[in-house]
Amino acid sequence: MTVNKKVVNNDFADVMFNRHSVRQFDPNVKITRDELQEMIEQATTAPSACNLQSWHFVVIDTPEAKEKLKKSVLKFNYPQVDTASAIIFVVGDTQSHVVYRDVWQKVYDDHKITKEKLDQIFGTFLPMYENATPEFLQLDATIDGSIVATQLLLLARAHGYDANAFSGVDFKTIISTLELDPKRYIPIMGVAIGKVAEEPLQTTRYDATTQIEFL
Ligand SMILES: Cc1cc2nc3c(=O)[nH]c(=O)nc-3n(C[C@H](O)[C@H](O)[C@H](O)COP(=O)(O)O)c2cc1C
């Protein structure tokens, strides 16, 4: 896949440090599906454990889909859902290792790694995942999904929008509400994206020195 790397706001400091959780968007702003797809593609440049890319996305961008989604969203998150141009719900895929061989085979076929490296990857990582416990696979997918969701939050700003990450949903029902297989997928978070309508809360952070140890 060749990712289109174009963004409208290429000022990293602005994208990163002026990001705040926006919860009231202009409900009249529509983001095209092409652009949403482009943002997701760009977000998938994220790193992931063993390059498993254990993520999956459900886009909610119509009034009907929003009503469906709200069945599993906690009420305090209705404002974002109601006003966002779109919600990209990020879920983790606990079965991503099933296609793992294909991902690395393609890297080899594209002459990017040697046969020895390919064999080494298959010999080391495949058995680890094929024999993994459900907890291991869920944790792995949670970490990968969280990283890609973070990229989405920043890409929203790079595309001239704002966003809110929300995990205030009913974790028991959200996957079925998204019409996915609950045996395979696990909830990570929704990312509501749109044009800011109400200035977001200015939040603060703990003094980072109180959270740092040097080992
Ligand atoms: C994993 C995660 C879950 C969150 N869930 C919610 C949520 O359910 N509702 C909400 O309004 N904000 C939610 N937030 C946004 C946080 O409240 C927000 O990031 C935090 O207060 C810091 O504010 P800032 O994003 O403006 O810097 C969530 C953020 C993260 C990363």
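**Notebook: ligand shell, cores and Ser85**

I began with the shell around the ligand and found that strand 3 (residues 162-166) gives the most to it, with three residues; strands here are DSSP runs of E of at least two residues, helices are runs of H or I of at least four, and both are numbered from the N terminus. I note that this is a predicted model, in which local features need pLDDT of at least 70 and side-chain atom pairs count only at pLDDT 80 or more, while totals for chains, interfaces and linings use all residues. Residues are numbered from 1 along each chain as its sequence is written, and side-chain values use heavy atoms, with hydrogens and water left out.

**Ligand**

I looked up the residues that surround the ligand (a heavy atom within 4 Å of it) and found 15, of which the closest are Ser21, Arg23, Asn77, Ala165 and Arg205. I then went through polar contacts (pairs of N or O atoms within 3.5 Å). A polar side-chain atom of Ser21 lies 2.6 Å from an oxygen atom of the ligand, and an N or O atom in the side chain of Asn77 is 2.7 Å from a nitrogen atom of the ligand. For Gly168, a polar backbone atom is 2.9 Å from an oxygen atom of the ligand. Taken alone the ligand exposes 620 Å², of which the protein buries 65%, with areas from the Shrake-Rupley method and a 1.4 Å probe.

**Cores**

I next examined the largest nonpolar core (buried Ala, Val, Leu, Ile, Met, Phe, Trp, Tyr and Cys residues joined through side-chain atoms within 4.5 Å; buried means under 20% relative accessible area, with a 1.4 Å probe and protein chains only). This core has 23 residues, and Phe57, Val90, Leu152, Val191 and Ile193 touch the most other members. Among the elements that give two or more residues to this core are strand 1 (55-60), strand 2 (86-93) and helix 7 (134-158), and helix 7 gives the largest share, six residues. Apart from this core I found another, of 19 residues, among them Val22, Ile87, Val169 and Ala192.

**Ser85**

I placed Ser85 in the loop between helix 4 (78-83) and strand 2. Is Ser85 buried or exposed? I recorded Ser85 as buried, because its relative accessible area is 6%. A polar atom of the Ser85 side chain lies 2.7 Å from the backbone oxygen of Val29. Leaving aside neighbours within four places in sequence, Ser85 is in contact (heavy atoms within 4.5 Å) with residues including Val29, Lys30, Asp61 and Ile193.

Technical notes: Polar contact = N/O pair within 3.5 Å; in protein donor to acceptor, adjacent residues only side chain to side chain. Buried < 20%, exposed > 50% of the residue type's maximum accessible area, 1.4 Å probe, protein only.
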